[in-house]
Each structure stands twice: as C-alpha cells, then as structure tokens.
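Visitor: I am new to this structure and would be grateful for a close look at the charged groups inside it. Please take one part as the starting point and then place it in its wider setting.

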Amino acid sequence: MTESPPPAHPAHVRAASVHQFRYYDLVMAAFVAILLLSNIIGASKPSYVTLPWGTEWAFGAGVLFFPISYIIGDVLTEVYGYARARRVIWTGFAALVFMAFMAWVVVALPPARDWPGQAAYEFVFGNSWRIVIASMTAFWVGEFANSYVLARMKLWTEGRHLWMRTIGSTIVGQGLDSLIFYPLAFYGLAGWPPEQLYQVVLSQWFIKTAWEAALTPVTYLVVGTLKRREGVDVFDEGTDFTPFRAKV
C-alpha cells in the first residue's frame, strides 16, 4: 500500500484537538541540539567587525548560530501551537541546567598528572554561576515571549502574514534575551566596559532580528512543508498561555 500524499491545504484546527504529529520529536531534538551547542561554543566570546568608517563594533560570537533556535521556536509555535512549544522550551531549559551541572563537575575534577589542558578547559567551560543563571534566565524569558507573541499574532491575523509574526515575535523575544543576558552576565567584569556591553546588547538584538528577516524564505518553506506533512494548521484557540501549565 502506498502512502497517500499530504493535503495541499492543511485543516484549521484547535491546538488541543490534535494529539499526534509525525515530525514534532525531530523538531524538538533540533531545537535542543542547537540551543546547547550555541551556549557551549559561542556564548561568552566577544568578537567584532570593522565598520566602513574604521570603528570596531563588538558583538557576541554566538549570535551567528543561536538565532537558529529562535527560528525553530517559531516553526514549533506556528506548526504545533504554543502548548507544544512550551514543552520544548522546558525541555531545552532542563538540558541547559544539566549542561551547567555537568560542566561544573567535569571542570572541578582533578586533572590527570601532567595533563596540560586544565587551564584552557576551565577558561572555556568553567563559566561562573552568574553567566549560567543569566543564560538560563534570558533563554526562558526570551523563548516564552517569542512563542506567546507569535501565537497571539496568529490568532489576531487569522493565520495571515507569517513574516510579520516571525519578525515581530523575534523583535520582542530576542530583545528581551539580549537585554537580560549580557548585562546580567558581564556587567562590571574586566574586559566588558559599559560602552562595549551596550554595543553587544544592541548588536545582538539587531543581528538576531536581521537573521530572522533574512531567513524568512527558509521559514516559509519549512513551515509550509511541515503543515502539509502533518495535515493540519494549528491555532491556539482556547489555549492556556501560562508558562507553567504542563498539559497540552
């Protein structure tokens, strides 16, 4: 028996009326993987670009890849609804907590005799609890704000203007993420003068939003494909938007 092709126009359904999806777990795995990798590899390194008039403009190196998690977050909310995106956000948050605990244990273990990498290992993975708390707080606030704004806008626009919803939610979510993380993690530390900190916050906000806008065609392609494959277009009609509700 051959598999029937997906419908060309997915059915408009309430989020609570759908109980099984084909690709939800895969999208969740991609979200958590990118979230962890972007926090491990690029979160604490400041970089810079030289502007045409010679000024060096600082930005956080992780900004090049971390916004992909927001794009996947948009896909989750748009395709599967706020409640299922909420479950993924909590899964990502739990993964961040475990990553921080594992890093603390591994760094604290005494190195083998004559191993030369302990200092470098501590520098890369030995983030202070200030940075860990800032990262998790910014992620939690930013992701829930992003998902909430997108889901609400989908109801207001009756499912039209996807580009407006993804960019609008990113402006809010990424703005809160940048505004919380960098001041909370680095304000007052050596190597992070206030003027550079402000530049990084603004750069993060601008670059993340620009990334979202630039990848809008990709978002449209992924969202359209997943909706056709799943056969439904989920709207959060009657959804409880509290971040702390466990039930879908």
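Guide: Leaving aside neighbours within four places in sequence, Glu-212 is in contact (heavy atoms within 4.5 Å) with Ile-71, Asp-74, Thr-166, Ile-167, Thr-170 and Thr-219. The model is a predicted one, in which local features need pLDDT of at least 70 and side-chain atom pairs count only at pLDDT 80 or more, while totals for chains, interfaces and linings use all residues. Residues are numbered from 1 along each chain as its sequence is written, and side-chain values rest on heavy atoms, with hydrogens and water left out.

Glu-212 belongs to helix 7, residues 194-214; helices (H or I, at least four residues) and strands (E, at least two) are DSSP runs, numbered from the N terminus. Glu-212 is buried and yet has no salt bridge. Here, buried means under 20% relative accessible area, exposed means over 50%, and partly exposed lies in between (1.4 Å probe, protein chains only). A salt bridge requires a side-chain nitrogen of Lys or Arg within 4 Å of a carboxyl oxygen of Asp or Glu. For Glu-212, the nearest side chain of opposite charge is that of Arg-165, 11 Å away. In this count Lys and Arg are positive and Asp and Glu negative, while His and the chain ends are left out.

Other charged residues do have partners. Side chains of opposite charge can pair when their charged atoms come close. The structure holds six salt bridges. In one of them Lys-154 is paired with Glu-78, and the closest N and O atoms are 3.3 Å apart. Because Lys-154 lies in helix 5 and Glu-78 in helix 2 (residues 67-80), this pair ties together parts that are 76 residues apart in sequence. Lys-154 counts as buried, with a relative accessibility of 2%, and Glu-78 is buried as well, at 1%.

Glu-78 has a further partner, for its side chain also meets that of Lys-227 in a salt bridge of 2.6 Å, N to O. Lys-227 is in helix 8 (residues 216-230), so the link from helix 2 joins parts that are 149 residues apart in sequence. Lys-227 is likewise buried, with a relative accessible area of 12%.

Lys-227 in turn leads to Asp-233, and the side chains of these two residues form a salt bridge of 3.0 Å, N to O. Salt bridges that share partners join Glu-78, Lys-154, Arg-165, Lys-227 and Asp-233 into one network. Asp-233 is located in strand 4 (residues 232-235) and is buried, with a relative accessible area of 15%. The side chain of Asp-233 also makes a polar contact of 2.8 Å with that of Lys-154. For a polar contact, a pair of N or O atoms lies within 3.5 Å; within protein, one must be able to donate a hydrogen and the other to accept it, and residues adjacent in sequence count only if both atoms are side-chain atoms.

Another residue to locate is Trp-163, which is placed in helix 6 (residues 162-186). Trp-163 counts as partly exposed, at 43% relative accessibility. Beyond its neighbours within four places in sequence, Trp-163 is in contact with Thr-216 and Tyr-220. The C-alpha atoms of Trp-163 and Leu-215 are 10.0 Å apart, although 52 residues separate the two along the chain.

The surface has a feature of its own. Phe-98, Phe-101, Met-102, Trp-104, Val-106, Trp-129, Ile-133 and Leu-184 form a nonpolar patch there, with about 830 Å² of accessible area together. Two or more residues of the patch come from each of helix 3 (82-108) and helix 5 (129-157), and helix 3 gives the largest share, five residues. Patches are made of residues with over 30% relative accessible area and no salt bridge, like charges being joined within 9 Å and nonpolar side chains (Val, Leu, Ile, Met, Phe, Trp, Tyr) within 5 Å. Ile-133, in helix 5, counts as partly exposed at 45% relative accessibility.

As a wider setting, the chain has eight helices and four strands, and its elements run β-α-β-β-α-α-α-α-α-α-α-β from the N terminus on. Of its 248 residues, 44% count as buried. Among contacts with a separation of 6 or more, 81% are between residues 24 or more positions apart. The accessible surface of the chain (Shrake-Rupley method, 1.4 Å probe; for residues, only the protein chains shown count as cover) comes to about 13,400 Å², with 69% belonging to carbon and sulfur atoms.
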